[in-house]
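Biologist: I'd love a close look at one part of this model. Could you walk me through a single polar pair and then the strands around it?

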Amino acid sequence: MRLMLLFTCVLLRSCSDSDGNQIDVLDGEVNLLGIWQLNGVKISAGGPLPEDFTITDFYQEFSFAANGTYTLLSGTPGTVFSKGDFSVTEDELHLNPKQGQMRIKSVYNFWFEGEDLVLSPSSPILCIEGCLYRYEKQD
């Protein structure tokens, strides 16, 4: 239960880089668009991060649309946890929620490992020892 709450609490605009230039979220380098389902986690219990992702059956799904909006479903399919606008600046994903249970603006570092999207919260929630969330593209 505690782990599920952590997932839910941790994962919660047009896009520009640090120079204010637009980043194309449709290009091959930053293709966040689509549906991403959580399939693995790395969470430190006070030491270094585990070497491998732990497979999880906790349901969480991000959907990123070309119009700059996102939806985060969490807990059970169809349950909207957060919905709003997103933006990308270099390697950061910014979420600006407008609806749902979680309405705190959030920032995540992100990168791709193969076909998977990896998120690491950086603001306002920060995992002191580290935490990573891996998502698999569904469409």
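Modeller: Happy to! In this predicted model, the side chains of serine 74 and glutamine 60 are joined by a polar contact of 3.0 Å. Serine 74 sits in strand E4, and with a relative accessible area of 7% this serine is buried.

From there, let's follow the chain into the next strand. E4 runs antiparallel to E5, and 5 bridges join the two. One of the pairings sets leucine 73 against valine 80 in E5. The two strands make a hairpin with 4 residues between them, and in that turn glycine 78 has a positive phi of about 90 degrees.

E5 itself deserves a pause. Of its 10 residues, 7 are buried, so the strand is largely enclosed by the rest of the structure. On the other side of the next turn comes E6, which is antiparallel to E5 and joined to it by 8 bridges. Here threonine 89 stands opposite glutamate 92 of E6. This second hairpin has 2 residues between its strands, and glutamate 90 in the turn has a positive phi of about 50 degrees.

E5 and E6 also share a side-chain link: lysine 98 and aspartate 85 meet in a salt bridge, 3.6 Å from N to O. Lysine 98 belongs to strand E6 and aspartate 85 to strand E5, and they are 13 residues apart. Both ends are partly exposed, lysine 98 with a relative accessible area of 46% and aspartate 85 at 25%.

The structure holds 2 salt bridges, and the other pair makes a nice contrast. Aspartate 116 and arginine 134 form a salt bridge whose closest N and O atoms are 3.9 Å apart. Since aspartate 116 lies in strand E8 and arginine 134 in strand E9, this pair ties together parts that are 18 residues apart in sequence. Here both partners are buried.

Finally, the nonpolar side of the picture. The largest nonpolar core has 24 residues, and those with the most contacts inside it are Phe62, Phe64, Phe86 and Leu93. Among the strands that each supply at least two residues of this core are E3, E4, E5 and E6, so our hairpin strands feature here too. Phenylalanine 64 is a good place to zoom in: leaving aside residues up to four places away in sequence, its contacts include Thr69, Tyr70, Phe86, Leu93 and Leu95, along with Trp36 and Leu117.

Conventions:
Residues numbered from 1 in each chain as written. Predicted model: local features only at pLDDT ≥ 70, side-chain atom pairs only at ≥ 80, totals over all residues. Heavy atoms only, no water. Core = buried A, V, L, I, M, F, W, Y, C linked by side-chain atoms within 4.5 Å. Buried < 20%, exposed > 50% of the residue type's maximum accessible area, 1.4 Å probe, protein only. Contact = heavy atoms within 4.5 Å. Salt bridge = Lys/Arg side-chain N within 4 Å of Asp/Glu carboxyl O. Polar contact = N/O pair within 3.5 Å; in protein donor to acceptor, adjacent residues only side chain to side chain. Pairing = 2+ DSSP bridges.
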